[in-house]
Amino acid sequence: MAYQFTRIAVKIGSNVLTRKDGSLDVTRMSALVDQVAELHQHGVEVVLISSGAVASGRSEVKPGRKLDPVSARQLYSAVGQAKLINRYFELFREHKIACGQVLTTKENFGSRTHYLNQKHCMEVMLENNVIPIVNENDTISVTELMFTDNDELSGLIATMMGMDALIILSNIDGIYNGNPSDPAATVIREIDGGKQDLSEYVQTSKSSFGRGGMLTKCSIAQKVADEGITVIIGNGKKENILPRLLVKGSTEVCTRFIPAAKPVSSVKKWIAHSEGFAKGEIHINKGTEEALTGPRATSLLLVGVTAIIGEFEKNDIVKIVGEDGIQIGVGCAGYDSREAVTLIGQRDIKPLVHYDYLYLD
């Protein structure tokens, strides 16, 4: 069977892997493993981003006292992650396929060194026919250190690994042009990258067992598609959904985000997803903003900087803010904040943010 892509990330949501009572849906999980195994055996490289650890642990542990949300999440994920990865290991072994666990945190994507270490780990796994199964390390990721949800994590993984496509499996067929429960609503089959405003369609409710919702999925999908990666949102509850979505000439009902044609470097992909790790702000004048957003590739020079807000080190991610107070992009700082403050307004010195390390919104 011929498939459209040779390297994909597949995100499986909590509502796909859990039953209504919060217990792990082993039958569904087994079916999805069968599908991933089929793709793998046809030469498709797959990285799985799997939810379900917290929901899985919740069904196994009955705390003796009421826990606060952070403690409950840590407890359930510690138990549930072991259960989840063990189940994946056994299911893939039936297909004579090895899988491996990769637990990560938001902080691991804020450092270029940690980012590249993660990428290398997963590249080695794929080279040796091992399927990486990625999840957030919920035992230590709490409050501001958490990803929005695994949709955000899957977007980071897809761009980091240079995927051909990101498949987000939910419990509905895609993005509807109205409330999915309305019989008159239909699935929007194609969305042109980040050019379409979907806010009037997307429901703001969150999933039953996960942290995210369709609004988050859309935001992540549009950003990833804008970086040249196809994104497909489909129904993970449907039988044989992955092969049906990915076979060449597929007519399966889903929402497909069309990737932008422009190439984006791996460094810029990292920076584009690093806004949440920004350590400070660079405020610039109108002329510099017009130069940066114009047709020619331009670095951010200190002569156009009006203020440095916050403290940051060299190579930290910083936000770039225009004269009207609106953020126009993010970049990797060429100086630390203390040195940058002393150099504001100077000409003929190296850029504060080089073009190669600048990503405009």
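Over residues 280-353, the chain is 19% helix and 28% strand. The C-alpha atoms at the two ends of this stretch are 13 Å apart. The model is a predicted one. An unreviewed UniProt entry gives residues 280-353 the feature "domain: PUA".

Now take the whole chain. The domain assignment gives domain 1, residues 5-262, and domain 2, residues 266-358. The contact between them takes 13 residues from domain 1 and eight residues from domain 2. The C-alpha centres of domain 1 and domain 2 lie 33 Å apart.

Where does the second largest pocket lie? Domain 1 and domain 2 both give residues to its lining, so the pocket lies between them. The second largest pocket holds about 540 Å³ of space. Its lining is made of 21 residues. Closest to the pocket centre are Lys 262, Lys 268, Leu 358, Tyr 359 and Leu 360.

Which elements each supply at least two residues of this lining? They are helix 7 (214-226), helix 9 (266-272) and strand 13 (358-360). Strand 13 gives the most, with three residues. By class, the lining of the second largest pocket has ten nonpolar residues, eight charged residues and three polar residues.

Next, turn to two single residues. Start with Lys 11, in strand 1, which covers residues 7-12. UniProt, in an unreviewed entry, places the feature "binding site" at Lys 11. Is Lys 11 buried or exposed? Its relative accessibility is 5%, and buried means under 20%, so Lys 11 counts as buried.

What does Lys 11 touch, leaving aside neighbours within four places in sequence? Its contacts include Ile 49 and Ser 51. Asn 150, Asp 151 and Ser 154 are also in contact with Lys 11. So are Ile 167, Ile 168 and Leu 169. Lys 217 completes the list of contacts of Lys 11.

The other residue is Gln 35. Find Gln 35 in helix 2, residues 26-41. Gln 35 has a relative accessible area of 2%, so Gln 35 is buried too. Which residues does Gln 35 touch, not counting those up to four places away in sequence? Gln 35 touches Lys 238, Asn 240, Ile 241, Leu 242 and Pro 243.

Technical notes:
Residues are numbered from 1 along each chain as its sequence is written. This is a predicted model: local features need pLDDT of at least 70, side-chain atom pairs count only at pLDDT 80 or more; totals for chains, interfaces and linings use all residues. Side-chain values use heavy atoms; hydrogens and water are left out. On a 1 Å grid over the protein atoms alone, a cavity is a set of points where a 1.4 Å probe fits but cannot get out, and a pocket is an open set with protein on both sides within 12 Å along at least five of seven lines; lining residues have an atom within 4 Å of a point. Grid points are joined across faces, edges and corners, and a volume is the space filled by probe spheres set on the points. Helices (H or I, at least four residues) and strands (E, at least two) are DSSP runs, numbered from the N terminus. Ala, Val, Leu, Ile, Met, Phe, Trp, Tyr, Cys and Pro count as nonpolar, Asp, Glu, Lys and Arg as charged, and the others, Gly among them, as polar. Domain bounds come from an automatic or database domain assignment. UniProt positions are given in the numbering used here, feature names are shortened, and annotations may be inferred rather than shown by experiment. Buried means under 20% relative accessible area, exposed over 50%, partly exposed in between (1.4 Å probe, protein chains only). Contact means heavy atoms within 4.5 Å.
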